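Biologist: I have the sequence and the model open side by side, and I would love a close look at one part of it. Could you pick a helix, walk me through its surroundings, and then show me a few places elsewhere that deserve a look?

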Amino acid sequence: MKRFEDKVVLITGAASGIGRATAERLGAEGATLFCADVQAEGLEETAKLVAGVGRSPDTRLADVSDAAAVGEMIADVIERHGRIDVLCNIAGILHFAHTHEHSLDKWQQIIAVNLTGTFMVCQAALPHLLASRGNIVNMGSTAGLRGHAWTAAYSASKGGVHALTYAIAMEYAEQGLRANVICPGSVTTPMHEMFELPEGANPKLLRRIMPPDGVFRGPETVAATIAFIASEDGAHINGEYIRVDGGTQS
């Protein structure tokens, strides 16, 4: 399938995990890609992988929690390609800690990247997405639906991303813009491989974030869902959250 031929797609968090898998999938489907991240080495590796399945993507180091960097990133996309058809907000960070021990600095960092960063990229890209009658796919989480233990800031940030996405979807639907949120769970990514139980944590609490068959799958499963939602195949889906979690209880 070449559902993204003649489409310009901006992907944040493209250096690894779901962001990289999404770049590979949409690149293979003909997208003109602009990939951004804070990790230079990972971004370079993503560019090589995408070039192996499609055309070489443009890349840029960009911190989505920095308003100036976000503005410069969007300006760069427009200068190079003149339009944005699809925005995939995938940049995010995760931290595990007992809530009573969670530092304020770490809370603010997670909110700044996951929620405020998503807002700033959406806001800066909106005029161009409205011009192209494009769409936004934001990265939520099953943690943002009901919360996971030890992830107070992460759960709060993702719940905020869900609400932000619904607001955008309703506000701009009449102007031809769609916005949806994907909620992964039980997906193997570098971010989740960092997981360690906080000291004294009850491992039984892990049960509610495990899929019933015990099978974790790769980020390509999320990328496939993004490809559907962001394409014309998803034209009648707006303001929705879509779980890609193998039936995780939460």
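**A close look at helix α1**

Modeller: Happily! Nine of the 12 residues of α1 are buried, so this helix is largely enclosed by the rest of the structure. Please keep in mind that the model is predicted. The buried residues are G17, I18, G19, R20, A21, T22, A23, L26 and G27. The helix itself covers residues 17-28, and from its first C-alpha to its last it reaches 17 Å, close to the 16 Å expected at 1.5 Å a residue. Just after α1 comes G30, with a positive phi of about 95°.

Now to the packing partner. Two packed helices are described by the angle between their axes and the distance between the axes. For α1 and helix α8 (residues 220-230), the angle is about 50° and the axes are 8 Å apart. That angle makes α1 oblique to α8. The crossing of α1 with α8 is right-handed. On the α1 side, the contact is made by I18, A21, T22, R25 and L26, while α8 brings in E220, V222, A223, A224, I226 and A227. Sorted by class, this contact has eight nonpolar, one polar and two charged residues. Several names recur here: I18, A21, T22 and L26 of α1 take part in the contact, and they are among the buried residues of the helix as well.

While we are at α8, have a look at T225, which lies in that helix. T225 has a relative accessibility of 17%, so it counts as buried, the cut-off being under 20%. Setting aside residues up to four places away in sequence, T225 touches I182, I242 and V244. I182 belongs to strand β6, which runs over residues 178-184.

That strand also holds R178. With a relative accessibility of 11%, R178 counts as buried. Apart from its neighbours within four places in sequence, R178 is in contact with G134, N135, I136, I229, A230, S231, G234, A235, I237 and N238. Of these, I229 and A230 fall within the residue range of α8, 220-230. If you would like a distance to check in your viewer, try R178 and T118: they are 60 residues apart in sequence, and their C-alpha atoms are 15 Å apart in space.

T118 leads us to a second helix pair, since T118 of α4 is one of the residues that meet α6. The axes of helix α4 (residues 104-132) and α6 come within 8 Å and cross at roughly 15°. The two helices are therefore roughly parallel to each other, and their crossing is right-handed. From α4, the residues involved are W107, I110, I111, N114, L115, T118, F119, C122, L126 and L130. They meet A152, A153, Y154, A156, S157, K158, G160, V161, L164, I168 and Y172 of α6. By class, this contact has 16 nonpolar, four polar and one charged residues.

Staying with α6 (residues 152-172), M170 is found in this helix. M170 counts as exposed, at 58% relative accessibility. From M170 to N238 is 68 residues in sequence, yet 8.3 Å in space from C-alpha to C-alpha. You have met N238 already, as one of the contacts of R178.

Next, go to the loop between α5 (143-146) and α6, where W150 sits. W150 has a positive phi of about 70° although it is not a glycine. At 8% relative accessibility, W150 counts as buried. W150 is also touched by H98, a residue in the loop between β4 (86-89) and α4. H98 is buried too, with a relative accessible area of 14%. Not counting residues up to four places away in sequence, H98 touches P198, E199, G200 and A201 along with W150.

For a last stop, compare W150 with D6. D6 also has a positive phi without being a glycine, in this case near 65°. D6 lies in the segment before β1 (8-12). Whereas W150 is buried, D6 is exposed, with a relative accessible area of 69%.

Terms used. Residues are numbered from 1 along each chain as its sequence is written. This is a predicted model: local features need pLDDT of at least 70, side-chain atom pairs count only at pLDDT 80 or more; totals for chains, interfaces and linings use all residues. Side-chain values use heavy atoms; hydrogens and water are left out. Helices (H or I, at least four residues) and strands (E, at least two) are DSSP runs, numbered from the N terminus. The expected span of a helix is 1.5 Å times one less than its number of residues. Buried means under 20% relative accessible area, exposed over 50%, partly exposed in between (1.4 Å probe, protein chains only). Axes are lines fitted to C-alpha atoms, for helices over the stretch in contact, and angles run from 0 to 180 degrees between N-to-C directions. Angles under 35 degrees count as roughly parallel, over 145 as roughly antiparallel, 65 to 115 as roughly perpendicular and the rest as oblique. A crossing is left-handed if the near helix is turned anticlockwise from the far one by less than a right angle, and right-handed if clockwise. Contact means heavy atoms within 4.5 Å. Ala, Val, Leu, Ile, Met, Phe, Trp, Tyr, Cys and Pro count as nonpolar, Asp, Glu, Lys and Arg as charged, and the others, Gly among them, as polar.
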